[in-house]
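Visitor: I am new to this structure and should like to understand its charged side chains. Please guide me through them.

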Amino acid sequence: MFLARVVGTVWSTVKWQELEGLKLLLVRPYHLDELRGGAAPGDLHDGVVVADILGAGVGEDVVIAYGHSARVGIEPELPPGTPPSRPIDAAVVAIVDRFRVEPDEGADE
């Protein structure tokens with residue numbers, strides 16, 4: 001999982017049938033330096049498209065799960081042993097109220 005900021009919404013009229021009705025967001029993963037209050041390095045990932053059933057909005061911080069955990073996260077009512085049916089790779093699994101990152105004790109002050 002990783003922490004990210006929602007930076008946009010994705011609309012698609014042509015998609016797999018299993019994605020119908022699923023909200024898609026564009027998120028930008030945080031770099032640890034940003035979370036500590038510093039500047040982000042120049043080589044950050046541009047963005048990740050994620051599925052969202054929690055109602056996150058632009059400007060909110062979210063926790064993103066990948067792979068099987070993401071698919072299970074958007075289909076929470078699946079009976080035990082039933083595989084998820086939606087072809088997604090990343091999903092919002094929490095909307096963050098706040099977070100705290102301890103200072104890097106190995107960094108020069």
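Guide: A term is needed at the outset: partly exposed describes a residue whose relative accessible area lies between the buried class, under 20%, and the exposed class, over 50%. Please note also that the model is predicted.

Visitor: Is Glu102 buried, partly exposed or exposed?
Guide: The relative accessibility of Glu102 is 47%. Buried requires a value under 20% and exposed a value over 50%. Glu102 therefore counts as partly exposed.

Visitor: Which residue forms a salt bridge with Glu102?
Guide: Side chains of opposite charge can pair when their charged atoms come close. For Glu102, the closest N and O atoms of the pair are 2.8 Å apart. The partner has a relative accessibility of 71% and counts as exposed. This partner is Arg100.

Visitor: How many residues apart in sequence are Asp52 and Lys23?
Guide: The side chains of Asp52 and Lys23 meet in a salt bridge, at 3.6 Å from N to O. Asp52 belongs to strand β3 (residues 48-52) and Lys23 to strand β2 (residues 23-29), so the pair ties together parts of the chain whose separation in sequence is 29 residues.

Visitor: Is Asp61, which forms a salt bridge with Arg5, buried or exposed?
Guide: Arg5 lies in strand β1 (residues 2-10) and Asp61 in strand β4 (residues 61-66). Arg5 is partly exposed, at 31% relative accessible area. For Asp61 the relative accessibility is 13%, and the limit for the buried class is under 20%. Asp61 is therefore buried.

Visitor: How many salt bridges does the structure hold?
Guide: The pairs discussed are Arg5 with Asp61, Asp52 with Lys23, and Arg100 with Glu102. The number of salt bridges in the structure is 3.

Conventions. Residues are numbered from 1 along each chain as its sequence is written. This is a predicted model: local features need pLDDT of at least 70, side-chain atom pairs count only at pLDDT 80 or more; totals for chains, interfaces and linings use all residues. Side-chain values use heavy atoms; hydrogens and water are left out. A salt bridge is a side-chain nitrogen of Lys or Arg within 4 Å of a carboxyl oxygen of Asp or Glu. Helices (H or I, at least four residues) and strands (E, at least two) are DSSP runs, numbered from the N terminus. Buried means under 20% relative accessible area, exposed over 50%, partly exposed in between (1.4 Å probe, protein chains only).
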